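Here are my notes on the model you sent over. Keep the 3D view open while you read, and click on each residue as it comes up.

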Amino acid sequence: MRPVSIWQRSPWGLLLCLLCSSCLGSPSPSTAPEKRAGSQGLRFRLAGFPRKPFEGRVEIQRAGEWGTICDDDFTLQAAHILCRELGFTEATGWTHSAKYGPGTGRIWLDNLSCSGTEQSVTECASRGWGNSDCTHDEDAGVICKDQRLPGFSDSNVIEVEQHLQVEEVRLRPAVGRGRRPLPVTEGLVEVRLPDGWSQVCDKGWSAHNSHVVCGMLGFPSEKRVNTAFYRLLAQRQQHSFGLHGVACVGTEAHLSLCSLEFYRANDTTRCPGGAPAVVSCVPGPLYAASGGQRKQQQSKPQGETRVRLKGGAHPGEGRVEVLKASTWGTVCDRKWDLQAASVVCRELGFGSAREALSGARMGQDVSKRYECANFGEQGITVGCWDLYRHDIDCQWIDITDVKPGNYILQVVINPNYEVAESDFTNNAMKCNCKYDGHRIWVHNCHIGDAFSEEANRRFERYPGQTSNQII
């Protein structure tokens with residue numbers, strides 16, 4: 001975003017020119033009449049990991065054979081139809097590039113095109129059953145609304161898990177609960193199973209296993225733990241083991257990808273000669289324990305940053321950019337997966353990647369052309385464009401009742417991140433503003449760090465500041 005320019009026209013008007021972020025509208029999901037429970041002769045299920053019960057890779061059984069759907073031409077409308085086939089009211093999103101892992105078997109549908117009003121997926125256009133040029137790296141998934149269709153008969157819906165699967169992992173502090181700061185970085189490893197939370201037997205537990213667990217919880221690495229202390233403590237407590245034989249390579253993004261075994265319900269001995277697995281993780285910069293520690297970390301000399309995330313609305317997400325020959329560039333998404341994304345996340349001080357996004361989902365390096373549309377007219381111009389057809393919008397600010405004095409001019413664009421942008425860091429600006437009743441001076445403008453503590457202190461110390469009111 002370029003600094004705001006201000007023209008003084010009269011004491012009653014203040015004209016601002018601002019960058020326009022891209023606004024993409026999406027049609028509301030169509031609501032079809034209540035449909036029959038699935039397509040005749042077909043069965044559906046959600047598969048993959050990590051996922052929740054209402055999301056996953058879509059798999060269809062046809063002629064007794066399970067297969068998947070290619071993500072080519074897949075849309076939210078197709079997701080609506082498939083979610084209703086699965087007994088949910090509608091879809092809230094869909095995924096591509098085998099987000100929930102690649103499937104096996106046939107790819108039943110390719111170039112699936114639905115309007116959203118079809119009663120069955122068989123009514124949607126496609127290349128025909130079993131006719132596809134895709135691989136399972138392009139398997140499509142859906143995220144359904146966690147709300148069932150009234151009276152839906154799910155006899156045609158099969159849950160893929162015929163066995164137990166690890167979906168959630170946590171660390172439970174063994175001592176000093178309630179006094180330890182959050183987040184918890186050391187404790188007993190627990191996994192969520194259908195009967196509740198269970199512990200993991202530490203027989204054969206390795207540093208590779210700890211590395212995977214720490215990554216799942218958002219920590220970049222693991223550290224050694226006092227196992228003798230925890231074994232002594234374990235002798236005085238009752239334990240419920242649900243998992244053993246965990247053997248990770250260390251590069252897995254999720255514990256469910258590791259070799260492991262579940263205890264059977266009729267086991268008479270649990271973890272003989274062992275104890276609950278304990279993991280201690282190294283907190284990244286985001287989880288600095290205190291302000292003093294954070295300042296100490298920031299004061300340490302650091303090498304030149306060569307990887308960064310841009311365009312994300314929250315810490316830990318964004319478009320991957322790398323520095324080479326003093327120039328920042330992007331990374332092609334070909335063969336981009338959770339393993340590759342996890343390497344970047346850990347390099348930046350986070351844990352394993354939760355999702356490897358492709359297709360420029362976090363925006364794309366565009367060539368901007370600055371032009372003000374409807375210059376001088378009241379209000380913001382209608383319509384925003386991905387490639388910034390008009391980068392600067394003009395709007396009048398009414399200062400009719402503003403008394404002469406020194407003020408802070410603050411401008412925030414897209415504050416709730418409701419519109420996707422290539423970069424959110426330049427959406428806020430603060431300036432010192434002086435108004436004498438006839439003219440306006442704006443100086444000491446800040447973008448990017450406009451809301452940082454240091455910037456606020458500079459504004460507070462501004463000599464002659466008679467009002468902290470923000471225009």
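1. Let's start with a single residue: is C433 buried or exposed? C433 is buried, because its relative accessibility is 2% and the cut-off for buried is under 20%. Please remember as you look that this is a predicted model.

2. Stay with C433 for a moment. Why does C433 not pair up with C431? The closest cysteine sulfur to that of C433 is indeed the one in C431, but the two are 8.1 Å apart, so the gap is too far for a bond. A disulfide needs its sulfur atoms within 2.5 Å. While you're looking at cysteines, click on C345 as well: C345 is buried too, at a relative accessible area of 15%.

3. Now for cysteines that do pair. How many disulfides turn up in a search of the whole structure? The search gives 7. I'll go through three of the pairs with you in the next points.

4. Take C70 and C134 to begin with. Their sulfur atoms sit 2.0 Å apart, and the two residues form a disulfide. C70 is in the loop between β5 (65-69) and α1, while C134 is in the loop between β7 and β8, so this pair links distant parts of the chain, 64 residues apart. Which hand does the link have? The torsion about the S-S bond is about -75 degrees, so the disulfide is left-handed. Both ends are covered: C70 is buried at a relative accessible area of 0%, and C134 is buried at 13%.

5. Next, look at C214 and C281, a disulfide with its sulfur atoms 2.1 Å apart. This link is left-handed, with -90 degrees about the S-S bond. C214 belongs to helix α2 (residues 207-216) and C281 to strand β15 (residues 278-282); the pair links distant parts of the chain, 67 residues apart. C214 counts as buried at 0% relative accessibility, and C281 is buried with a relative accessible area of 0%.

6. The pair C248 and C258 is also a disulfide, with 2.1 Å between the sulfur atoms. Here the torsion about the S-S bond is about 105 degrees, so the disulfide is right-handed. Both cysteines lie in the loop between β13 (241-247) and β14 (259-262), so the bond ties together parts that are 10 residues apart in sequence. C248 and C258 are buried.

7. Let's move on to the helices. How many residues of α1 are buried? The count is 9 of its 10, so you can call α1 mostly covered, since buried just means under 20% relative accessible area. The buried ones include H80, R84 and E85, along with I81 and L82. What do they pack against? The buried residues of α1 pack against β3, β4, β5, β6 (91-95) and β8. Just after α1 you'll find G87, with a positive phi of about 95 degrees.

8. α2 is mostly covered as well, with 8 of its 10 residues buried. Among them are N209, S210, H211 and C214, and you've already met C214 as one half of a disulfide. The neighbours that the buried residues of α2 pack against are β9 (169-172), β10 (186-193), β12 (221-223), β13, β15 and α5 (338-347). After α2 comes G218, whose phi is positive, near 95 degrees.

9. Now colour the nonpolar residues. The largest nonpolar core has 25 residues, and I69, F74, L82, L112, V121 and V142 have the most contacts inside it. Elements giving this core two or more residues are β3 (42-47), β4 (55-62), α1 (76-85), β7 (106-109) and β8 (141-144). The largest share, 5 residues, comes from α1. There is also a second, separate core of 22 residues, which includes L171, W205, V212 and M216. V212 and M216 are among the buried residues of α2.

10. Last, an empty space to find. The largest cavity holds about 50 Å³. Which residues line it? They are A174, L188, Y230, L233, A234, Q237, H239, A275 and P276. The lining divides into 7 nonpolar and 2 polar residues, with no charged ones. Helix α3 (residues 227-234) gives the most to this lining, with 3 residues.

Notes:
Residues numbered from 1 in each chain as written. Predicted model: local features only at pLDDT ≥ 70, side-chain atom pairs only at ≥ 80, totals over all residues. Heavy atoms only, no water. 1 Å grid on protein atoms, 1.4 Å probe; cavity = no way out; pocket = protein on both sides within 12 Å on 5 of 7 lines; lining within 4 Å. Points joined across faces, edges and corners; volume = space filled by probe spheres on them. Helix = DSSP H or I, 4+ residues; strand = E, 2+ residues; numbered from the N terminus. Nonpolar A, V, L, I, M, F, W, Y, C, P; charged D, E, K, R; others polar. Core = buried A, V, L, I, M, F, W, Y, C linked by side-chain atoms within 4.5 Å. Buried < 20%, exposed > 50% of the residue type's maximum accessible area, 1.4 Å probe, protein only. Contact = heavy atoms within 4.5 Å.
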